[in-house]
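Visitor: I'd like a close look at one part of this chain, and then a walk outwards from there. Could you take me through it?

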Amino acid sequence: MTTDRTEERAGSARIATRPEPGGSPDGSTAVKPPQPAGDRTVPTPVGGLRKRRNLLRLRHRGSAAIAAADAAASASVVAAVGGGTEADILLLGPVVLGTLALNAQAGLYRPGLRTYALDEFPALTARAALAWCVAAALLASFDSPSALSWVVLLAAVAANAALAGTGRALVHGFRRIRARRRPRPALIVGSGRLARTVADVFAEHPRYGLRPVGFVDLVGAADGDGGESDAEDGDAPLPVVVVLEDVTRAVIQNTVRDVVFLRSPWEEPQNALLAKALGERGVAGWLVRPGCAVGVHGTHDAGPAHVWGFSCRRLSLECPGSGWSWRKRLLDLALVVPALVVAAPLLAACALAVRISDGPGVVFRQERVGLGGGPFTLLKFRTLRPANETESATRWSVAGDERMSTVGRLLRRTSLDELPQLWNVLRGDMSLVGPRPERPYFVEQFSKDHPGYADRHRSPVGITGLAQVYGLRGNTSIEDRARFDNHYIETWSLWQDVRIMFRTVTSFFRLEGR
């Protein structure tokens, strides 16, 4: 979108409508179109605490009742198995808390548009079995006379899964009744025939709980034709919004709580900005499209689902530092503290080698850009001495620099020069796994030249990352690295972090450093 086009449309969105049954006499729809900022004061949350509370309330709506059903099922079976003995105390915590944690990790508290308990039953059974096995092992380790036999254990797992499934069936049933009676306002991100078809599906089938109130076409607007065809031929049944600021106003005015994307928002810079802006307001994201959506970047739910034959997946629109960051931080602390203890002799040996080879100044400090675009000081073992601070901040590192000593080459080749960054992880500046941090000068340049590069800062930066284990380090394609980094963020899981760390350790023995 050019500057002139942006200024021309900043005051009001381009709206395309056609007469609808029951609409106003002039043919406009009953939906409130976005209004210019000067004509109406848009209410915004006051204070960070209130905004966070509203965000959490929107993001976790519907999850509390499902979690309560799971907890009640587990507690009931514990009471039946324990029979009022000491087993109650030893089983209650591991079974209830373990079941809730495992179900949450599997996304079972993020229900789809139309969820059925039978679809969730295999996952519920598997996680109930794991929680009960851990609890039974704990009970046996105390030499308790109430230790569970295999028959009792199997019966407990079956009863737990059956009760949890029954409770979930009731909760899902009430949700479907409420969704049919009071469908939630939703925006459709896309244009053309597919967008109109999806909107018609939701309008004609209120069972899915969404009521489209408008289309969003930021990509078409950036290309210079957003909403033009629909507006001119009169086929658009709903308002078409092509300016990001007007989308925010439309969300507030129409109390929009859901947004439907027809393709992954992270494929286009404009839609990526839209997804982040809506995620910060607690709006739920959905990916609805023809064909199978399995493996689509950024999708998070318990399994495949459909909307009248269209594949449907929940999209993660969460803002940086929310949702999964506390789990990532716990993993970092659990690993970095013992790693620092174990690596202490190696750190000392590397520091001594650098001191003998290159003189004073063993640790190299440099400003880098971290989570949310904020600066921090990164620590490394010095492998060469730049001519001045300007060179340090703006010169790209090149393998085989003649000023590098033998010790420096060895440290880079083995990636041992990165070891001091364990202290950055302990301080919270970095994570063990994440996009590699870059200097502010290059962040500014790459953000201009490579769409999506700035989106890397949605995640904490890391010592290693998905791009690095695929060999994208040093003087390699920035576009490829940004694509790998964004893929990592959109498909993040604790297990993915573990796999990346394992591959990083194996690459150390293959000397894959730069």
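Visitor: How many residues does helix α3 have, and what distance does α3 reach from its first C-alpha to its last?

Guide: Keep in mind that this is a predicted model. Helix α3 covers residues 63-82, which makes 20 residues. From first C-alpha to last, α3 reaches 28 Å, and that is close to the 28 Å expected at 1.5 Å a residue.

Now look at which parts of α3 are covered. Its buried residues are S63, I66, A69, D70, A73, S74, V77, V78 and G82. So that list takes in I66, V77 and V78, but also D70 and the serines S63 and S74.

Stepping back, α3 is part of a chain with 19 helices and eleven strands. The chain has 514 residues, and 45% of them count as buried. Its accessible surface comes to about 25200 Å², with 59% of that belonging to carbon and sulfur atoms. As for how the chain folds back on itself, take the contacts between residues at least 6 apart in sequence: 76% of these join residues at least 24 apart.

On to the interior. In soluble globular proteins, nonpolar side chains tend to be buried together. Here the largest nonpolar core has 27 residues, and F381, L422, M430, L432 and Y488 touch the most other members. Elements giving two or more residues to this core include β9 (375-381), α15 (421-427), β10 (431-433) and α18 (478-490). The top contributor is α12, with six residues. For a feel of the packing, pick L422: setting aside neighbours within four places in sequence, L422 is in contact with V336, L340, L432 and I463. Another core lies apart from the largest one; it has 23 residues, among them V198, F215, V240 and W286.

A strand worth a stop is β5, residues 284-289. It's mostly covered, with five of its six residues buried. β5 has a parallel partner in β4 (residues 258-261), joined to it by four bridges. With β7 (residues 310-315), β5 pairs in the antiparallel sense, over five bridges. L287 is a handy residue to click on in β5: F261 stands opposite L287, and in β7 the bridge partner of L287 is R313.

Terms used:
Residues numbered from 1 in each chain as written. Predicted model: local features only at pLDDT ≥ 70, side-chain atom pairs only at ≥ 80, totals over all residues. Heavy atoms only, no water. Buried < 20%, exposed > 50% of the residue type's maximum accessible area, 1.4 Å probe, protein only. Contact = heavy atoms within 4.5 Å. Areas by Shrake-Rupley, 256 points an atom, 1.4 Å probe, with all protein chains shown as cover. Core = buried A, V, L, I, M, F, W, Y, C linked by side-chain atoms within 4.5 Å. Expected span 1.5 Å × (residues − 1). Pairing = 2+ DSSP bridges.
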